[in-house]
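Visitor: I'd like a close look at one part of this protein, the hairpin, and then a walk outward from there. Could you take me through it?

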Amino acid sequence: MNLRISRKLRETMSYATEQRKLILDYFIGKTDESVTALEIAEALSSFVSKSAIYRNLALMEKEGEIVRVQKGKDRAVAYRYAASGKCAGKIHISCLRCGKTEHVSAEAAAPFERALKEKDGFSLSRGECLLYGVCKDCAGGGK
Ligand SMILES: [Zn+2]
Ligand SMILES: [Zn+2]
């Protein structure tokens, strides 16, 4: 066993773990917001390289920690933290203009879910569900 190599490996590992934790913390601070890789890169620019961010995002998406969503008029690829307990079993609605993401109220979700089941014989996986639209802040105003 080569001690020097294993120590080097351990340093690399903990560095990678540290980077991932920074990215994860960023997401946790922004539960129910969709953020683009670029926004994360800018926020964490002094700690994590851009390529490390892309690498981690791909990994975190694969492991189900974050989900890929669309954001803004140009439908940019963005990500949302998906492993938060408060999001469990919630249908998410995401505004295509501002990227804000919220939970469908139980009052709206229940009849929708029931109707899907009765009319279409389809059982909804709430937690996997994301609907796109326009939020009331963006729909109103019209400035
Ligand atoms: Zn949520
Ligand atoms: Zn909006």
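Guide: Let's start on a single pair: lysine 71 has alanine 76 in β2 as its bridge partner. That pair belongs to a ladder in which β1 (residues 66-71) and β2 (residues 76-81) run antiparallel, joined by six bridges. Four residues sit between the two strands of this hairpin, and glycine 72 has a positive phi there, near 75 degrees. Bear in mind that this is a predicted model, and that every value I quote is computed from it.

Now step back along the chain from the hairpin. Glycine 64 also has a positive phi, about 80 degrees, and sits just after α3. Helix α3 itself covers residues 50-62, and its length is easy to check: 13 residues at 1.5 Å a residue should span 18 Å, and the end C-alpha atoms are 19 Å apart, which agrees. Which residues of α3 are buried? They are Ile53, Asn56, Leu57 and Met60. Looking down the axis of α3, you find these buried residues within an arc of 105 degrees, so they line one face of the helix. On the face turned away from that buried side you meet the exposed residues Ser51 and Lys62.

Helix α4 (residues 106-120) makes a good counterpart. Its 15 residues should span 21 Å at 1.5 Å a residue, and with its end C-alpha atoms 20 Å apart, that agrees too. Burial is another matter: the number of buried residues in α4 is zero, so this helix lies largely in the open. Just after α4 comes glycine 121, with a positive phi of about 60 degrees.

Then there's the sheet. It is an open one of three strands, ordered β4-β3-β5, and its pairing is mixed. The edges are β4 (101-103) and β5 (130-133); each has a single partner strand, so one side of each is left without a neighbour in the sheet. Neighbouring strands here are turned against each other by 30 degrees on average, ignoring direction. If you zoom in on β3 (residues 92-95), you'll see that its pairing with β4 is antiparallel and runs over three bridges. Within that stretch, isoleucine 93 stands opposite glutamate 102 in β4.

Toward the start of the chain, try tyrosine 15, which lies in helix α1 (residues 3-28). Is tyrosine 15 buried or exposed? It counts as exposed, because it has 11 C-beta neighbours inside 10 Å, and the cut-off for exposed is 12 or fewer. Its C-alpha atom is separated by 9.9 Å from that of valine 48, 33 residues away along the chain.

Finally, zoom all the way out. There are five helices and five strands in the protein, and from the N terminus on they run α-α-α-β-β-β-β-α-β-α. The radius of gyration is 19 Å, whereas a compact globule of 143 residues would be near 15 Å. Taken along the principal axes, the C-alpha atoms fill a box of roughly 65 × 40 × 20 Å. Of the 143 residues, 17% count as buried. As for contacts between residues at least 6 apart in sequence, 55% of them join residues at least 24 apart.

Definitions and conventions. Residues numbered from 1 in each chain as written. Chains lettered and ligands numbered in written order. Predicted model: local features only at pLDDT ≥ 70, side-chain atom pairs only at ≥ 80, totals over all residues. Buried ≥ 20, exposed ≤ 12 C-beta atoms within 10 Å, placed from the backbone. Pairing = 2+ DSSP bridges. Axes fitted to C-alpha atoms, helices over the stretch in contact; angles between N-to-C directions. Rg over C-alpha atoms; globule rule 2.2 N^0.38 Å. Contact = placed C-beta atoms within 7 Å. Expected span 1.5 Å × (residues − 1). Arc of directions from axis to C-beta.
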